[in-house]
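User: Please give a close account of the disulfide in this model and of its surroundings.

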Amino acid sequence: QVQLVESGGGLVQPGGSLRLSCAASGITFSRYAMTWYRQAPGKERELVATITTVGGSTDSADSVKGRFTISRDNDKNTVYLQMNSLKPEDTAVYYCNARYGFHNYWGKGTLVTVSS
């Protein structure tokens, strides 16, 4: 059974930092491209950052460039999202996605709230 379990969300003040984790099980993790998405209230889900398998190339949305960093540890079957300089508009549920060919899996999400 495939599971993606996100953790690390919570309430943080503007300008603060959080690190999200997504632990995967039931898949050969190193084969999967991993992506963080987010969905704010009343908005569509959007891509935040993605990391490939071999080489670990990354890409991210313009809105988070220079603030968020995606990384992965294939030995721990975990992908991370380091979020710095958080803004109120970063408030959303953050979802982890694993994709390999036609295999596509989602976690249940973790809530990040940026508020003073």
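Analyst: The account below takes the disulfide, then the core, then the strand pairing.

The model is predicted. It holds one disulfide, in which Cys22 is joined to Cys96 with an S to S distance of 2.1 Å. The torsion about the S-S bond of Cys22 and Cys96 is about -80 degrees, so the disulfide is left-handed. Cys22 belongs to strand β3 (residues 18–25) and Cys96 to strand β9 (residues 92–100), so the bond ties together parts that lie 74 residues apart in sequence. Cys22 is buried, at a relative accessible area of 0%; Cys96 is likewise buried, at 0%.

Val79 is in contact with both cysteines, Cys22 and Cys96. Beyond its neighbours within four places in sequence, the contacts of Val79 also include Leu20, Phe29, Met34, Trp36, Ile51 and Ile70. In the largest nonpolar core, which has 29 residues, Val79 is among those with the most contacts inside the core, together with Met34, Trp36, Leu81, Met83 and Tyr94. Both strands that carry the cysteines, β3 and β9, are among the elements that give two or more residues to this core. The others are β4 (33–39), β5 (46–51), β7 (68–73), β8 (78–83) and β11 (110–114).

Strand β9 also has a pairing partner. It pairs with strand β10 (residues 103–106) in the antiparallel sense over four bridges, and Asn97 stands opposite Trp106 in β10. The two strands form a hairpin with two residues between them. In the turn, Gly101 has a positive phi of about 60 degrees.

Conventions: Residues numbered from 1 in each chain as written. Predicted model: local features only at pLDDT ≥ 70, side-chain atom pairs only at ≥ 80, totals over all residues. Heavy atoms only, no water. Disulfide = S-S within 2.5 Å. Buried < 20%, exposed > 50% of the residue type's maximum accessible area, 1.4 Å probe, protein only. Core = buried A, V, L, I, M, F, W, Y, C linked by side-chain atoms within 4.5 Å. Contact = heavy atoms within 4.5 Å. Pairing = 2+ DSSP bridges.
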